[in-house]
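Let's take a walk through this model together, one stretch of backbone at a time. Keep the viewer open and turn the chain as you read.

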Amino acid sequence: MTPPPDRTAPPSLSYELYPPRCAASADILLRTLDELEPTRPDHVSVTYSGDEDRRSRSLALLDHLLARTGLRPLAHLTCVGAARTELEETVTTLIRRGVRGVLALRGDLPEDPAANRGELSFATELVELVREVERRHTATLAAGRLAVGVAAYPTRHPESPSARHDVEVLLAKQRSGADFAITQVYFRPERYERLVAAARAAGVTIPIVPGIMPVTDPRRLRTLCRLAGLEPDPDLAAALENASGPAERHRAGVGFATALSRAALDAGAPGLHLYTFNEHRAALDLLERVDLPRPRPEPAPALLTA
Ligand code: FAD
């Protein structure tokens, strides 16, 4: 059984962003940040993948969030293809730059079986590595801890033999030191509810935040599903394909994601993590429809003067 919602804690809100690839997409992202910041998210996560250039663009986006916005970043970090020392250096860099949250992931395996897969096999080992580096920086962190998140799968991970195995892996991630999990995209409310029920029955106690994707473009739905190893939901795919134009597609995609969000919150979800594709419109329309309670901005108190 999914535990009842904890009504004492307001639901969390977070957004996923990716580093822009060119000047035009950087402009779109800057506008998105301006539009999303007033919703006072608890954090915004920054994806991490690809070659060194793309990884350094992730770091640049994290720096931008810290230096130029009031948003708290959660840095995704993948271990596939990386040496242990390289990962330790990256975590140290993140801490030095002021990042206080890491989403520890393995990353997708390279298609070429002969390619370097790195020194760590699974995300559990990356969680342990992050905790080790954290212990070396107790003073920098003012004896505090990093928030360490991990991935969870409402639909079986493509490499996993079963949903049960996915839950065992999630439990192992918790034992390694994960504080919370964010789910992969899913399209049926019962997928999230079943995952949470199975995880709780197995002893997983960390919050499992549903990852919701307000997708309004059929091509993007197909691409994302291919990358994540998922089947596109036939109802959503048909609604997007058959829509008479962009406005109807937008309504269909946001409506679908709103229903998923409401169902997850009704089932006790601790908050929502929205995959934004660096665009604000669908995320904001979804939030308005879900009517997620957000903290009101408090005016900063005046500093005492002598
Ligand atoms: P793991 O937990 O290591 O699992 C990988 C596979 O190994 C699974 O099939 C699992 O069942 C199996 N497994 C794990 N431990 C064991 C074990 N001890 N013994 C046997 N089998 C085991 N990818 C990116 O490249 N960059 C990103 O920024 C990114 N962000 C993401 C954010 C979210 C919220 C999610 C859900 C996914 C994200 N991904 C990202 C995708 C992710 O990297 C892939 O799904 C990847 O294939 C698995 O990552 P993981 O951390 O779940 O790996």
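A crossover counts as right-handed if, with the strands pointing away from the viewer, the path from the first strand over the helix to the second runs clockwise. Helices (H or I, at least four residues) and strands (E, at least two) are DSSP runs, numbered from the N terminus. This is a predicted model, in which local features need pLDDT of at least 70 and side-chain atom pairs count only at pLDDT 80 or more, while totals for chains, interfaces and linings use all residues. Residues are numbered from 1 along each chain as its sequence is written, and side-chain values use heavy atoms, with hydrogens and water left out.

With that in hand, find strand β1, residues 12-17. Together with helix α1 (residues 23-36) and β2, β1 forms a right-handed β-α-β unit. Strands pair here if DSSP finds at least two bridges between them. β1 runs parallel to strand β2 (residues 43-46) over four bridges, and Leu17 has Val46 of β2 as its bridge partner. β1 also pairs in the parallel sense with strand β9 (residues 271-275), this time over five bridges; there, Ser14 stands opposite His273. Five of the six residues of β1 are buried (under 20% relative accessible area; exposed is over 50%, partly exposed in between, with a 1.4 Å probe and protein chains only).

Now move to helix α6, residues 189-202. How far apart should its ends be? At 1.5 Å a residue, its 14 residues should span 20 Å, and the end C-alpha atoms are indeed 20 Å apart (the expected span is 1.5 Å times one less than the number of residues). Tyr192, Leu195, Val196 and Ala199 of α6 are buried. Seen down the axis of α6, the buried residues fall within an arc of 95 degrees, so they line one face of the helix; the arc is that of the directions from the helix axis to the C-beta atoms. The face turned away from that side carries the exposed residues Arg194 and Ala201. Among the elements covering the buried residues are β5 (147-152), α5 (163-176) and α9 (246-266), where contact means heavy atoms within 4.5 Å. Just after α6, Gly203 has a positive phi of about 105 degrees.

Finally, some backbone angles. Most residues other than glycine have a negative phi. Phe277 has a positive phi, near 55 degrees, and lies in the loop between β9 and α10 (281-290). Asp291, in the segment after α10, also has a positive phi, near 60 degrees. Phe277 is buried, at 16% relative accessible area, whereas Asp291 is exposed, at 62%.
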